[in-house]
Amino acid sequence: MERREFLRRTSAAGAATLGAGTLAATASETRAAAATTRRTGPLRVDIVMFDGVEELDCIAPYEVFSAASMHRENGVEVRYVTTGRPGLIRCGYGTGIRVNHRWAPQEADLIVVPGGGYTRRDGPGVWAEIDDGTLPRALAAAPREGLTISSLCTGAVLLSAAGLTRGRPCTTHHGAKAYLAEHGGLVKNARVVDDGDLVTAGGITSGLELALWLVKRELGPDAATGVETMLEYEARGTVWQAS
């Protein structure tokens, strides 16, 4: 708690001196402001977990969205969720993360789908989830008005299996871009691709950019720059946004 309170104070002070242009983006500030005005409750973010998930894929957005709560009066609620039985998820490098919440897309404003295990066809990760079919079916049934579904790294392969990237601008890890294009995705060479209710990001570290972009889009640039100051990190790369 002392660390969080210290970071809250220092980030608030630093944000005043940080330029609003640190996110490489083409966003409409009017849209961000309107989203901030419309939202009366907390921003609800669900991060989907499965065995073999890449550690940084799920932890980076969790950190960013949790930190954003300090810069928003109504807060941000971040949860790890699973389409399976709640319990211990074993990540790609062996980290264990306990997931207490079941898949409930009707309760979320944002869904984040991380990747992992793309190079392991016979191990845990995205291929095992595609072979099982439960998560792709859940994702295919999730879209509704007011929900944004996002992915980072090879999480886009799961969105592809759900049919969500077909005919849509998108991106993924460089090693999976050809696969995404072969299955109908309109792959863009950008760090983050924002097509409205579908937002995708590139490689393993792009969870930082994905989350910072969505914080800016949903909560406003002050929240995003505040988080950047706290983390001592400036988002990099280009955000491609549908006009």
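Which residue just after helix 8 takes a positive phi?

1. The residue is Gly220, with a phi of about 105°. Note that this is a predicted model.

2. Helix 8 itself covers residues 206-219, 14 in total. From first C-alpha to last, helix 8 reaches 19 Å. That is close to the 20 Å expected at 1.5 Å a residue.

3. Burial of helix 8 deserves a comment. Of its 14 residues, 14 are buried, so helix 8 is largely enclosed by the rest of the structure. For the chain, 53% of the 243 residues count as buried.

4. On the overall fold, the chain has nine helices and twelve strands. Take contacts between residues at least 6 apart in sequence: 67% of them join residues at least 24 apart. The exposed area of the chain is about 10,900 Å². Carbon and sulfur atoms supply 50% of that area.

5. Three aromatic pairs turn up in a search of the whole structure. In the pair of Trp127 and Tyr179, the ring centres are 5.4 Å apart and the planes stand at 85°, so the pair is edge-to-face. This pair links distant parts of the chain: Trp127 belongs to helix 4 (residues 126-132) and Tyr179 to helix 7 (residues 177-182), 52 residues apart.

6. Are the two partners buried or exposed? Trp127 is buried, at a relative accessible area of 6%. Tyr179 is also buried, at 19%; the cut-off for buried is under 20%.

7. Tyr118 joins Trp127 and Tyr179 in one aromatic cluster. Trp127 has a charged neighbour too: the charged end of Arg121 sits over its ring, 3.7 Å from the ring centre.

Notes:
Residues are numbered from 1 along each chain as its sequence is written. This is a predicted model: local features need pLDDT of at least 70, side-chain atom pairs count only at pLDDT 80 or more; totals for chains, interfaces and linings use all residues. Side-chain values use heavy atoms; hydrogens and water are left out. Helices (H or I, at least four residues) and strands (E, at least two) are DSSP runs, numbered from the N terminus. The expected span of a helix is 1.5 Å times one less than its number of residues. Buried means under 20% relative accessible area, exposed over 50%, partly exposed in between (1.4 Å probe, protein chains only). Contact means heavy atoms within 4.5 Å. Accessible areas come from the Shrake-Rupley method with a 1.4 Å probe; for residues, only the protein chains shown count as cover. Rings of Phe, Tyr and Trp (its six-membered ring) pair if their centres lie within 6.5 Å; planes under 30 degrees apart count as stacked, over 60 as edge-to-face and the rest as tilted. A charge sits over a ring if NZ of Lys or CZ of Arg is within 6 Å of the ring centre and within 35 degrees of the ring normal.
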